Amino acid sequence: MQKDFSYPLKIEDINQGEQTYKLRANKAQLETLREILQIPAVNYFEADIKLTFQKKKGILDVSGEVRAGLTLISVISLDEFEKEYKSNFSLTYDTNATYEQIREMDEDIEDDIPDIVIDGKIDLGDIAIEQLALVMEDHPRKDGEEFTSFIEDDSPIRENPFAVLSKLKK
């Protein structure tokens with residue numbers, strides 16, 4: 001599948017300071033997003049992303065908001081329904097870090113571990129899709145739907161087999 005919703009940025013091309021990007025999916029891109037998310041439909045998808053780059057430190061802060069209107073299938077009724085999502089996010093990339101350096105940092109659980117940049121670029125489309133996927137429910141259901149378990153068993157209640165023995169006289 002060709003990736004239609006891709007907005008790659010080379011780290012070397014990002015200017016010092018703050019930059020903003022507005023991503024809006026067109027009809028073809030909505031179909032690509034539907035396939036990626038494996039849902040019946042993506043009705044709209046938007047992301048406002050702000051980059052703040054500190055070149056000397058090699059730190060890239062990526063923050064923003066993702067908004068989407070999706071058609072999902074309820075795991076309870078199997079009916080399709082519409083749901084809107086709106087999520088704010090904030091990520092930090094260390095543009096100079098290697099996997100080994102991140103692994104060392106990972107040993108100290110209390111540190112916030114920055115993401116690393118692969119092949120000298122980031123993809124704003126991937127970031128936006130990932131942020132939406134993180135807030136989507138694993139088992140979507142319509143508002144008000146609840147799972148209730150019930151057992152349909154028409155067989156008569158059997159008497160405890162030991163109750164017969166208790167009736168015997170010694």
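**Exercise 1. Is Phe5 buried or exposed, and where do its ring partners Tyr7 and Phe45 fall on that scale?**

Solution. Start with Phe5: its relative accessibility is 0%, so Phe5 counts as buried. The cut-offs are under 20% relative accessible area for buried, over 50% for exposed, and partly exposed in between, using a 1.4 Å probe and protein chains only. Next, Tyr7 has a relative accessible area of 26% and is therefore partly exposed. Last, Phe45 reaches 2%, so Phe45 is buried.

A word on the material: this is a predicted model, where local features need pLDDT of at least 70, side-chain atom pairs count only at pLDDT 80 or more, and totals for chains, interfaces and linings use all residues. Residues are numbered from 1 along each chain as its sequence is written, and side-chain values use heavy atoms, with hydrogens and water left out.

**Exercise 2. How many aromatic pairs are there, and what is the geometry of each?**

Solution. Take the rule first: rings of Phe, Tyr and Trp (its six-membered ring) pair if their centres lie within 6.5 Å, with planes under 30 degrees apart called stacked, over 60 edge-to-face and the rest tilted. The count by this rule is two aromatic pairs. Phe5 and Tyr7 have ring centres 5.2 Å apart and planes at 80°, so this pair is edge-to-face. For Phe5 and Phe45 the centres are 5.2 Å apart and the planes at 85°, so this pair is edge-to-face. Phe5 sits in the segment before strand S1 (8-10) and Phe45 in strand S3 (residues 41-54), so their pair ties together parts that are 40 residues apart in sequence. Helices (H or I, at least four residues) and strands (E, at least two) are DSSP runs, numbered from the N terminus. Now join the pairs: Phe5, Tyr7 and Phe45 form a cluster.

**Exercise 3. Which strands pair with S3, and in what sense?**

Solution. Two strands pair if DSSP finds at least two bridges between them. Strand S2 (residues 17-24) pairs with S3 in the antiparallel sense over eight bridges; here Glu18 has Thr52 as its bridge partner. S3 also pairs with strand S4 (residues 59-73), antiparallel over 13 bridges, and Gln54 stands opposite Ile59 in S4. Finally, look at the hairpin of S3 and S4: four residues lie between the strands, and Gly58 takes a positive phi near 75°.

**Exercise 4. What does Leu132 contact, leaving aside its neighbours within four places in sequence?**

Solution. Contact means heavy atoms within 4.5 Å. On that basis, Leu132 is in contact with Leu37, Phe45, Val66, Ala68, Leu70 and Tyr85.
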